[in-house]
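I opened this entry to look up two things, one helix and the pairing of aromatic rings, and to write down what I found on each.

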Amino acid sequence: MRILFCAVFLLSLAMSGAIAQTPQTADKPVLPGANLTDKDYAELLGKLKKGDTSISFTDLRLAYTKTKGYSYGGPDKAEREKFNKPFREKKFKDALKAAEDYLEKMYVDANAHFVAYNSAKELKDDAKAGFHKNVLLGLLGSIKNGNDGSTAETPYLVISIDEEYTMLRFLGLQFNGQGLNHIGGHTFDVMDVTDPKTGQKGKVYFNIDIVWDAETSLFK
């Protein structure tokens, strides 16, 4: 489908900007973005909404974890369906409005920006389409973190469980299963995947230090 091709194509565009490795203790790593606050998120979001797509999307995502709206699981699927449904039905005006309404609560969701981008494009709103495309690429590039996800030394950096599946979808990979690994003081979800185009199987590593910390803190 054209939309799926567009998603894979977007991710294949040049995305760089890895963050520096965070120092760690023997028992527990210092979490990425530990020095950021909800005020940093508000400041970065304000700049982004004004059209400044040169902000650090990594800082934006990491600072979002300091807000009251953060959940390590990710967004509410029912809320996301409010823009996915009209998008699937090609009701692009409704899909764009629903996606933008949703983004007021969850601006770091790449899926919503993808729908907003494609909907605006279908509606010939080039300015809005271009903005959401740039945000989409910024968010995906931030998850990519300058790495290829093939090893524990080059993992993708996620702030929620949902971001793992989001990344697999945009990479065009089929999820087969997963395992939890603790390596070198860090925690990883290791996804077993298949490339549907070639049938080649492989593994994708996600650094889930932030997710693991939030989850374990919840149950303490």
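Before listing any cluster I fixed the rule for a pair: rings of Phe, Tyr and Trp (its six-membered ring) pair if their centres lie within 6.5 Å, and planes under 30 degrees apart count as stacked, over 60 as edge-to-face and the rest as tilted. I keep in mind that this is a predicted model.

Aromatic pairs.

With this rule I get a count of nine aromatic pairs. I looked up Tyr 41 and Tyr 64, whose ring centres are 5.3 Å apart with the planes at 55°, so I entered the pair as tilted. Tyr 41 belongs to helix H2 (residues 38-49) and Tyr 64 to helix H3 (residues 57-64), so this pair ties together parts that are 23 residues apart in sequence. I then checked accessibility, taking under 20% relative accessible area as buried: Tyr 41 is buried at 10%, and Tyr 64 is buried at 4%.

The next pair I looked up was Phe 114 with Phe 170, which is edge-to-face, with 5.4 Å from centre to centre and 85° between the planes. Since Phe 114 sits in helix H6 (residues 110-122) and Phe 170 in helix H8 (residues 161-171), the pair ties together parts that are 56 residues apart in sequence. For Phe 114 I noted a relative accessible area of 10%, which makes the residue buried, and for Phe 170 a value of 4%, which makes that residue buried as well.

I also noted that Phe 114 and Phe 170 form one aromatic cluster together with Phe 87 and Phe 92.

Helix H4.

Phe 87 led me to helix H4, where the buried residues are Arg 80, Phe 83, Pro 86 and Phe 87. Looking down the axis of H4, I find these buried residues within an arc of 140°, so they line one face of the helix. On the face turned away from that buried side, I recorded the exposed residues Ala 78 and Arg 88.

I compared the length of H4 with expectation: the twelve residues of the helix (residues 77-88), at 1.5 Å a residue, should span 16 Å, and the end C-alpha atoms are 15 Å apart, which agrees.

Finally I looked at both ends of H4. The N-terminal end is capped by Asp 76, from which a side-chain oxygen lies 2.7 Å from the backbone nitrogen of Ala 78. Just after the helix, I noted that Lys 90 takes a positive phi of about 60°.

Notes. Residues are numbered from 1 along each chain as its sequence is written. This is a predicted model: local features need pLDDT of at least 70, side-chain atom pairs count only at pLDDT 80 or more; totals for chains, interfaces and linings use all residues. Side-chain values use heavy atoms; hydrogens and water are left out. Helices (H or I, at least four residues) and strands (E, at least two) are DSSP runs, numbered from the N terminus. The expected span of a helix is 1.5 Å times one less than its number of residues. Buried means under 20% relative accessible area, exposed over 50%, partly exposed in between (1.4 Å probe, protein chains only). The arc is that of the directions from the helix axis to the C-beta atoms. A polar contact is a pair of N or O atoms within 3.5 Å; within protein, one must be able to donate a hydrogen and the other to accept it, and residues adjacent in sequence count only if both atoms are side-chain atoms.
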